[in-house]
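Notebook open, model loaded. I want to go through the ligand site, a couple of helices and a few odd residues, one entry at a time.

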Amino acid sequence: MKVKLAANYGFCFGVKRAIKIAEDYKNSSTMGPLIHNQDEINRLKNDFNVGLYNGLEDVKDNDTIIIRTHGIPKNDLKNLRKQKAKVINATCPFVTTPQQIVKKMSKENYSILIFGDEHHPEVKGVASYAEDAQDVHIIMEPSELENLEFKNNKIATVAQTTKKKEKYLEIVNALILKNKEVRVFNTICDATFENQDAAREISKEVDVMVVIGGKNSSNTKQLHAICKESCDDSYLIENESEIEESWFKNKTLCGVTAGASTPDWIIQQVVNKIELIN
Ligand code: F3S
């Protein structure tokens, strides 16, 4: 099987940076999974003895704790800093930006609207920076605006870094129709655009598409959805063990892309395996 890689794929700047930090701090632990990729987390554990903590109760004196790329809620960070542990912040700078915007704008009495998934750690972290927890609203669809009541007559809005800009525009349009003052911050990350644009292009020219990444990564799921728009036979896998030969029957060219948390060594293993399929 012939394989073609997307022009942009895989690790973004923020994830590369976090992994480098974890490799530099051997024997440390991360607060929550460092990135959305179990294989890479296993590699860091095996090669660098980087452990995984699920909450503050796991922290012991003299531990070194790394904050994951998606960040953690403000109070968790505050409480962590009170412990006798060394705290290394690997939050991606593109995630720190919306956190700081929310903090600043809510101090200036703006109601906060976040376009994103309320269950996603990044969004939970960003929302936690609002001064008034009752006046931060999280939505996925413009229609959800109907039921919202903002405390202030001025609104500031940010987006989860991995969201689609077209949908964000729809939300912003709907907001402006009903409110006098709306401050819009485009916090969507370019790395996501680049991988998405490249996935859109390549999925038009191949007859089967393989998307590699964590199944709980919103970024990878979005890449998969984009590929599906042009290529029905698009499959989402975490690693080479999930490849099924039947996907490639009567196909000649396989496109490959990978989510922003997928390491090159996993991509290479997938490519090698697909290339061996006749
Ligand atoms: Fe950061 Fe963007 Fe990656 S927000 S973690 S550089 S996808």
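Before anything else, my cut-offs for accessibility: I call a residue buried under 20% relative accessible area, exposed over 50%, and partly exposed in between. I also keep in mind that this is a predicted model.

**Entry: Asn 62.** I started with the backbone and looked up Asn 62. Its relative accessibility is 71%, so I log Asn 62 as exposed. Asn 62 sits in the loop that runs between β3 (51-53) and β4 (64-67). What caught my eye is phi: Asn 62 is not a glycine, yet its phi is positive, about 70 degrees. For context, most residues other than glycine have a negative phi.

**Entry: Asn 109.** I then checked another asparagine. Asn 109 also has a positive phi, about 65 degrees here, and is not a glycine. I find Asn 109 in the loop between α4 (93-107) and β6 (111-115). How exposed is Asn 109? The relative accessible area comes out at 48%, so Asn 109 goes down as partly exposed.

**Entry: the ligand.** Next I went to the ligand and asked where it sits. It is in the largest pocket. Around the ligand I list Cys 12, Gly 14, Cys 92, Phe 94, Thr 161, Cys 189 and Thr 192. Which classes make up this shell? I get four nonpolar residues and three polar ones, with no charged residue in the shell.

**Entry: helix α1.** Gly 14 from the ligand shell turns up again among the buried residues of α1, so I looked at that helix next. Helix α1 covers residues 13-24, which makes twelve residues. At 1.5 Å a residue I expect a span of 16 Å, and the end C-alpha atoms are 16 Å apart, so the two agree. The buried residues of α1 are Gly 14, Val 15, Ala 18, Ile 19, Ile 21 and Ala 22. Looking down the axis of α1, I see these buried residues fall within an arc of 155 degrees, so they line one face of the helix.

**Entry: helix α9.** I ran the same check on α9 (residues 264-275). This helix has twelve residues, and from first C-alpha to last it reaches 16 Å, close to the 16 Å expected at 1.5 Å a residue. Which residues of α9 are buried? I note Ile 266, Ile 267, Val 270, Val 271 and Ile 274. They cover an arc of only 135 degrees around the axis, so I place them on the same side of α9.

**Entry: some distances.** I finished with a few C-alpha pairs. Met 105 is in helix α4, and with a relative accessibility of 2% it counts as buried. Its C-alpha atom is 40 Å from that of Ile 202, with their positions 97 residues apart along the chain.

Ser 217 belongs to the loop between β10 (208-212) and α8 (218-230). Its relative accessibility is 3%, so I count Ser 217 as buried. From Ser 217 to Lys 228 I get 17 Å, C-alpha to C-alpha, for a separation of eleven residues in sequence.

Asn 79 is in helix α3 (residues 74-82), and its relative accessible area of 30% makes it partly exposed. Asn 79 and Gln 99 are 20 residues apart in sequence, and their C-alpha atoms are 17 Å apart.

Technical notes: Residues are numbered from 1 along each chain as its sequence is written. This is a predicted model: local features need pLDDT of at least 70, side-chain atom pairs count only at pLDDT 80 or more; totals for chains, interfaces and linings use all residues. Side-chain values use heavy atoms; hydrogens and water are left out. A residue is near a molecule or strand if one of its heavy atoms lies within 4 Å of it. On a 1 Å grid over the protein atoms alone, a cavity is a set of points where a 1.4 Å probe fits but cannot get out, and a pocket is an open set with protein on both sides within 12 Å along at least five of seven lines; lining residues have an atom within 4 Å of a point. A molecule sits in a cavity or pocket if more than half of its atoms lie within 2 Å of its grid points. Ala, Val, Leu, Ile, Met, Phe, Trp, Tyr, Cys and Pro count as nonpolar, Asp, Glu, Lys and Arg as charged, and the others, Gly among them, as polar. Helices (H or I, at least four residues) and strands (E, at least two) are DSSP runs, numbered from the N terminus. The expected span of a helix is 1.5 Å times one less than its number of residues. Buried means under 20% relative accessible area, exposed over 50%, partly exposed in between (1.4 Å probe, protein chains only). The arc is that of the directions from the helix axis to the C-beta atoms.
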